[in-house]
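Welcome! Please take a moment to look over the chain below, and then we will walk through a few of its features together.

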Amino acid sequence: MPMPFTMDQLGLLYGKAKDPVYFMKQNGDTFDYVYVNPVCFAVFKKELIGTALEDSMPPDLTREIKKQYLIALKTGEKHIYRDYSLFSDLDTAMETELTPIEFEGQKFVLAITKNVTAQKKIEEDYLFYESLVQNSVDPMIMISAEYMIIDLNPAYEKTFGVTKDEWVNRFYRDLPDKQKQLFKAGKSLLEKFEPDSRSTSVIMKRQKQDGTEAKFSVSYSPINENGIIRAFHVVFRELTNELLLKNELKKTENILESYKDALNYAALVAIWNLSGTIEFVNDNFNELTGYKPEELIGSNISNIGKAVISTEEYEKIREVIWQGTIWRGQVKSLKKNGEKFWVDATIIPLMDVDGEIYQVLSILFDVTEQKQLEEQLHFMAYHDSLTNLPNRRLMVRQFQMMKTQAETKGEHIALLYMDGDDFKSINDQFGHDVGDEFIYHFGQAIKNSVRKHDMVARVGGDEFLVALCGIVPEESQLHIEKVINRINQTLVEGWEIDGYRFSPTSSAGVSVYPVHGHDFDDLVKKADAALYLAKSNGKGKSYLYTAP
């Protein structure tokens, strides 16, 4: 059976993966197991390779998996699906990423399933906590450990006559004297907090928006990360009956204690407002990206370059979250030092009491290692393992783009089918190890003789395809001759392997798009026919295809 990857290649990439990996081939209305990694054997306790989905899955689950596989094959793009819903009773939450692959008329799906139970809990905790805060009738405010106002809820605005836009991102030191006085008692209390301190409540008088003075029970709760206080959550509860004080304080502290874990940042967390201004990032951003929180806070999420998310991805996400829907996906970005990294992102629109989006919360997990494995797999699928040059499959894909560009500009494309002369004698005389290195140098010699936007692919043995694009029709013959002469000259200069000097020659057959046809396979056949004539007339010859 023709396969885009060998079993050894799949084993090399996924043999030690902790997540279950399945490589499936479509077979009529079902899918057969072609490869599974060792983790799958531990899960199913039986041999899967060669069996169909129905042989290992219940009917309902089989139908759902087939549906997801077909979605991936139809779109031709990566597709992620979950087998759970937020706030469901499932103890385990799984998520599967599907990569569709077509190879020589066969359709395959690479499925990687991972356990996201911890991530599900974080998402639920954040949503629940935000719902709790935004819908609370009690004024609430969040203050950073540096005494900067991070957030406040609508009840706080209404009770004390302030606006979020006015207060958020302002430090205590920058407040007007009148407002500093309001915060003075609270700030003095916060300064006494230690990392192991628990929630503390005090009673204070504050003036309300209507000018009346009221007595409040104020609960201060530290938010810890790795033994360090990162922020304080402050809840104001107006007291109308002193006898209710103890019960109300206990209820508030219990609620905060239950959901405080949601703010114990296990992932990379960022919050931005409707205009895209970043209002908060946790220290994990600095560890992964190299950017300090103060470098990002106050910047616009769409204008900070590639530090966190690109403008293009930002616009795609906006379309989803502006409908009040959670966005899930993977995003590529750059660290401060220019190094690439990937994150698995959950972007959550946060609603106020009126159901309007007022902030956006992102929870990110570093998945760089997984993406590097995928990129390696993709490279192996479209490149020759001996020379690292593109293979025929990649050239077929690239040729379609070359054709589009040629049609737009009125240019030609030349296909050179090249074959080394007497390569068999190299293997016979020096052995296959030298023969393999010879092929590598042979391919590099051709690649180094053409321009960067031309393409060289190895199609087997010592046979190579070269696509020369951007050819002006009137100069077509001269252009092709110059390239072939340059290749021959590079080959003559040769190379050395194990003390032996090699200066090979090569024969070439040429066909030209659109002169000799429009179909890639047809053009290759015509170049091959021209190559046959070239080789029958001696070494180092080249022929342009002519119709019989």
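In this briefing, two residues are in contact when they have heavy atoms within 4.5 Å. Keep in mind that what you see is a predicted model. Its chain has 17 helices and 22 strands, and buried residues make up 50% of the 548 residues.

**The chain as a whole**

- The accessible surface of the chain comes to about 27,800 Å², and 50% of that surface belongs to carbon and sulfur atoms.
- Take the contacts between residues at least 6 apart in sequence: 53% of these join residues at least 24 apart.

**A look at F216**

- You can find F216 in strand β9, which covers residues 213–225.
- Is F216 buried or exposed? Its relative accessibility is 1%, so F216 counts as buried, because the cut-off for buried is under 20%.
- Which residues does F216 touch, leaving out those up to four places away in sequence? The list is T159, F160, V202, I203, M204, R206, K208, F236, R237, E238 and L239.
- One of these partners, R237, lies 21 residues from F216 in sequence, while the C-alpha atoms of F216 and R237 are 5.2 Å apart in space.

**The two sides of helix α14**

- Helix α14 runs over residues 423–430, and F423, I426 and N427 are buried there.
- Why do the buried residues of α14 line one face of the helix? Seen down the axis of α14, they fall within an arc of 95 degrees, so they share one face.
- The cover over these buried residues includes strand β16 (412–420), helix α15 (432–447) and strand β20 (500–502).
- Now turn to the face of α14 that points away from the buried side: here you meet the exposed residues K424, D428 and Q429.
- Just after α14 comes G431, which takes a positive phi of about 95 degrees.

**A nonpolar patch on the surface**

- M7, F41 and I49 make a nonpolar surface patch of about 230 Å².
- One of the patch residues, M7, sits in helix α1, which spans residues 7–14.
- M7 has 39% relative accessibility, so M7 counts as partly exposed; that label applies between the cut-offs of 20% and 50%.

Methods: Residues numbered from 1 in each chain as written. Predicted model: local features only at pLDDT ≥ 70, side-chain atom pairs only at ≥ 80, totals over all residues. Heavy atoms only, no water. Buried < 20%, exposed > 50% of the residue type's maximum accessible area, 1.4 Å probe, protein only. Helix = DSSP H or I, 4+ residues; strand = E, 2+ residues; numbered from the N terminus. Arc of directions from axis to C-beta. Patch = residues over 30% accessible without salt bridge, like charges linked within 9 Å, V, L, I, M, F, W, Y side chains within 5 Å. Areas by Shrake-Rupley, 256 points an atom, 1.4 Å probe, with all protein chains shown as cover. Salt bridge = Lys/Arg side-chain N within 4 Å of Asp/Glu carboxyl O.
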